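Here are a few exercises to work through with the model open in your viewer. Try each task before you read the solution below it.

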Amino acid sequence: MVSIIFLIVLFGLLFLMAFATRRRFGLLGLALCAGYLLSEIYTNTLTPFIEQQGVSISYPPLEIVVQTVLILLPAAILLFSGASYQVMWQRVFGAVAFAAMAMAFLMEPLTSTLQFDTSGMAFVTAFGGSKDIIIGIGVVLAVADALLTGYFKPKKHSH
């Protein structure tokens with residue numbers, strides 16, 4: 001039960017970050033993709049480097065922390081600038097899409113770190129089975145949203 005509550009709180013925090021800043025999902029979704037790629041490429045290089053600097057933590061393992069930070073960092077940086085939504089339903093949709101896509105990318109580090117009870121494991125198994133679909137749909141929606149950014153603004157007429 002505690003693990004499900006943790007996952008719900010994490011989803012809620014990710015949702016609130018995107019919702020409160022009004023940022024468009026397109027750029028944030030693509031930033032999550034970039035963060036995941038950076039994580040795949042640099043986690044094994046950065047973790048020993050950070051350990052050599054004297055940083056050590058036992059739980060969660062430093063490698064999981066580095067992986068999580070690398071996944072979220074590009075999107076977190078972009079939360080402070082860029083195009084934003086003005087309509088409430090778009091803000092809600094963008095925030096839900098961002099939180100779902102971020103959770104899908106974070107499933108690997110979360111499942112390797114957290115201890116899940118029976119109900120938590122059932123949720124993770126169901127969500128984990130849909131991870132690729134969520135990421136695939138998220139990438140398509142992010143590209144579409146990025147393409148539509150600024151498309152419907154009224155054009156300025158010069159006389």
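## Warm-up: the overall layout

Read from the N terminus, the elements of this protein go α-α-α-α-α-α. Keep in mind that the model is predicted.

**Exercise 1.** Work out how many helices and strands the protein has, what its C-alpha trace spans along the principal axes, and what percentage of its residues is buried.

*Solution.*
- Step 1: the secondary structure adds up to 6 helices and 0 strands.
- Step 2: along the principal axes, the C-alpha trace covers about 65 × 40 × 25 Å.
- Step 3: the protein has 159 residues, and 35% of them are buried.

## Helix packing

**Exercise 2.** Classify the packing of helices α1 and α4: which term fits their relative orientation, and what is the handedness of their crossing?

*Solution.*
- Step 1: decide what to look up. Two packed helices are described by the angle between their axes and by the distance between those axes.
- Step 2: get the numbers. Helix α1 covers residues 2-21 and helix α4 covers residues 88-113; they pack at about 135°, and their axes are 8 Å apart.
- Step 3: apply the cut-offs. Roughly perpendicular runs from 65 to 115 degrees and roughly antiparallel starts over 145, so α1 and α4 come out as oblique to each other.
- Step 4: add the handedness, which is right-handed for the crossing of α1 and α4.
- Step 5: sort the contact of α1 with α4 by class, which gives 22 nonpolar residues, no polar ones and 1 charged.

## Rings and a charge

**Exercise 3.** Find how many aromatic pairs the whole structure holds, then classify the pair Phe15 and Phe19.

*Solution.*
- Step 1: searching the whole structure turns up 2 aromatic pairs.
- Step 2: for Phe15 and Phe19, the ring centres are 5.5 Å apart and the planes meet at 10°, so this pair counts as stacked.
- Step 3: check the spacing along the chain. Phe15 and Phe19 are 4 residues apart in helix α1, so about one helical turn separates them.
- Step 4: look at what else sits by the ring of Phe19. The charged end of Arg91 is over that ring, 4.0 Å from its centre.
- Step 5: test Phe19 for burial. Its relative accessible area is 19%, and buried means under 20%, so Phe19 counts as buried.

## Single residues

**Exercise 4.** Say where Ile5, Gly12 and Met103 lie, and whether Met103 is buried or exposed.

*Solution.*
- Step 1: Ile5 belongs to helix α1 and is partly exposed, at 46% relative accessibility. Its C-alpha is 8.8 Å from that of Gly120, although their positions lie 115 residues apart along the chain.
- Step 2: Gly12 is also in helix α1; at 24% relative accessible area, Gly12 is partly exposed. Gly12 and Ala104 are 92 residues apart in sequence, with 14 Å from C-alpha to C-alpha.
- Step 3: Met103 lies in helix α4 and is buried, with a relative accessible area of 3%. From Met103 to Ala144, 41 residues along the chain, the C-alpha atoms are separated by 20 Å.

**Exercise 5.** What is notable about phi of Arg22, and where is Arg22 placed?

*Solution.*
- Step 1: phi of Arg22 is near 65°, a positive value in a residue that isn't glycine.
- Step 2: Arg22 is found in the loop between α1 and α2 (25-52).
- Step 3: with 33% relative accessibility, Arg22 counts as partly exposed.

Terms used. Residues are numbered from 1 along each chain as its sequence is written. This is a predicted model: local features need pLDDT of at least 70, side-chain atom pairs count only at pLDDT 80 or more; totals for chains, interfaces and linings use all residues. Side-chain values use heavy atoms; hydrogens and water are left out. Axes are lines fitted to C-alpha atoms, for helices over the stretch in contact, and angles run from 0 to 180 degrees between N-to-C directions. Helices (H or I, at least four residues) and strands (E, at least two) are DSSP runs, numbered from the N terminus. Angles under 35 degrees count as roughly parallel, over 145 as roughly antiparallel, 65 to 115 as roughly perpendicular and the rest as oblique. A crossing is left-handed if the near helix is turned anticlockwise from the far one by less than a right angle, and right-handed if clockwise. Ala, Val, Leu, Ile, Met, Phe, Trp, Tyr, Cys and Pro count as nonpolar, Asp, Glu, Lys and Arg as charged, and the others, Gly among them, as polar. Rings of Phe, Tyr and Trp (its six-membered ring) pair if their centres lie within 6.5 Å; planes under 30 degrees apart count as stacked, over 60 as edge-to-face and the rest as tilted. Buried means under 20% relative accessible area, exposed over 50%, partly exposed in between (1.4 Å probe, protein chains only). A charge sits over a ring if NZ of Lys or CZ of Arg is within 6 Å of the ring centre and within 35 degrees of the ring normal.
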